[in-house]
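Thanks for coming. I will go through one model today, and please keep the structure in view while I talk.

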Amino acid sequence: MQSGRPTSAILLVGGFGTRLQPLTFSTPKPMLPVAGIPFTEHQIAKARAAGITEIVLATSYLAEVFAPHFGDGERFGIKISYAVEKSALGTGGAIANAAGLLRGTGPIVIFNGDVLSSHELQAQMDLHRSGGADVTLHLTSVPDARAFGVVEMDGSRILSFNEKMENPPTKIINAGCYIFNRSVIDSIPRDRAVSVEREVFPALLAGGSKILGYLDSSYWLDIGTPAALLQATSDLISGRAQSIAFTELLHQDLYTRISGSLVALDAQIEPSAIIQDGSLIASKVRIENGATIVGSVIGQSARIGPGARLIHTFVAPHCEIPGGFIAENQFFGYLEEK
Ligand code: GTP
């Protein structure tokens, strides 16, 4: 580890994903497919490329879904283990709980499990080290910051954290990827729910900790809403967003691109069907004559009847959409709340 960069990471994947219901009633948000693969795979590949060798998935909601898919991580070229919270500990509590599984004393990278970002993680790591920081946050600037917590800065030093508000003092927001020194993690209260954004960061500032911000303007998207989830797939297919895992998927020759969409090679698409705007058509789907699919995700083995028109819509695996059916911004075939 000559560069002294972090080699351990925690991925926060235990949230309820309420904004994505009903998709998240049966699948946790980080396991929802984005451009054909569970979202977490995009983040694991990014971590690995930045030199991370060991990662803990901090799980809570539908925790049992992760280990059967990721195993010990060998298939993904990284060591993976699992921290399970009996009840959700919040982002801060999850970090403290998961860190118990990481040996070593070096800094730890923390990823929110719902951010697609092309930022240079190694540059963030370098700033953390050269700046002698206790914590270094990735920051991004958004046109309308009212829905986010924003920070105020002096150079690269963060001076304040501000909750969501009608007139935010800046447009610079926490982009959901942090580097924490061990001592910071050790200071997080144990065995109760703690929010890293609302509690840990303000307390660290008040205590005089050095919190730096790595601000850049690379691609960034919070995939936490249905529209954003569709956007992420479309942006990866168009090349507006980058992902190593997606590049690896394309090399497997399982999909072809049609009009800016991704279509499984074993899907049956009738010649007069139209597929466009970053749609994802999974394996063994059948799309009948005259059907139109716009910016939508069609799950494995689903069937779309003749003349149906689906716009920005999710269709679950094995679901059948009748001929002539028209839908926009809908979900079909997903489980109702248990
Ligand atoms: P919404 O309910 O739609 O807001 O989504 P969410 O539950 O994912 O919450 P949010 O977007 O604020 O969470 C940010 C990240 O932290 C996501 O990757 C969540 O999976 C994760 N997260 C949130 N709360 C917890 C928690 O209590 N435990 C763990 N392990 N992860 C959490």
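The domain assignment splits this chain in two: domain 1 runs over 8-222, and domain 2 over 253-332. Bear in mind that the model is predicted. Computed over nothing but C-alpha positions, the two domain centres are 33 Å apart.

What do the two domains share? Five residues of domain 1 are in contact with five residues of domain 2. Between them, domain 1 and domain 2 bury about 380 Å², and 84% of that is on carbon and sulfur atoms. On the domain 1 side, Pro 22, Leu 23 and Gly 36 supply 71% of the area buried against domain 2, more than any other three residues.

Now the polar side of that interface. How many salt bridges does the rule find across the interface of domain 1 and domain 2? It finds zero. The count of residue pairs in polar contact across the interface is also zero, with both residues required to be at pLDDT 80 or more. The domain 1 residues that touch domain 2 divide into three nonpolar, two polar and no charged.

Next, the chain as a whole. There are nine helices and 27 strands in it. The radius of gyration is 21 Å, close to the 20 Å that the globule rule gives for 338 residues, so the chain is as compact as a globular protein of that length. Along the principal axes, the C-alpha atoms fill a box of roughly 65 × 45 × 40 Å.

Two backbone details remain. As background, most residues other than glycine have a negative phi, and most peptide bonds are trans.

Go back to Pro 22, one of the three residues I named for the domain 1 side. The peptide bond joining Gln 21 and Pro 22 is cis, with omega about 10°. Where is Pro 22 in the chain? Pro 22 lies in the loop between strand S1 (8-12) and helix H1 (23-26).

The other detail is Asp 253, which is not a glycine but has a positive phi of about 55°. Asp 253 lies in the loop between helix H9 (244-251) and strand S14 (255-258). In the domain assignment, 253 is also where domain 2 begins.

To recap the interface: about 380 Å² buried, zero salt bridges by the rule, and zero residue pairs in polar contact. That is what I have.

Key. Residues numbered from 1 in each chain as written. Predicted model: local features only at pLDDT ≥ 70, side-chain atom pairs only at ≥ 80, totals over all residues. Heavy atoms only, no water. Domains from an automatic or database assignment. Contact = heavy atoms within 4.5 Å. Buried area = accessible area lost by both parts, 1.4 Å probe. Salt bridge = Lys/Arg side-chain N within 4 Å of Asp/Glu carboxyl O. Polar contact = N/O pair within 3.5 Å; in protein donor to acceptor, adjacent residues only side chain to side chain. Nonpolar A, V, L, I, M, F, W, Y, C, P; charged D, E, K, R; others polar. Helix = DSSP H or I, 4+ residues; strand = E, 2+ residues; numbered from the N terminus. Rg over C-alpha atoms; globule rule 2.2 N^0.38 Å.
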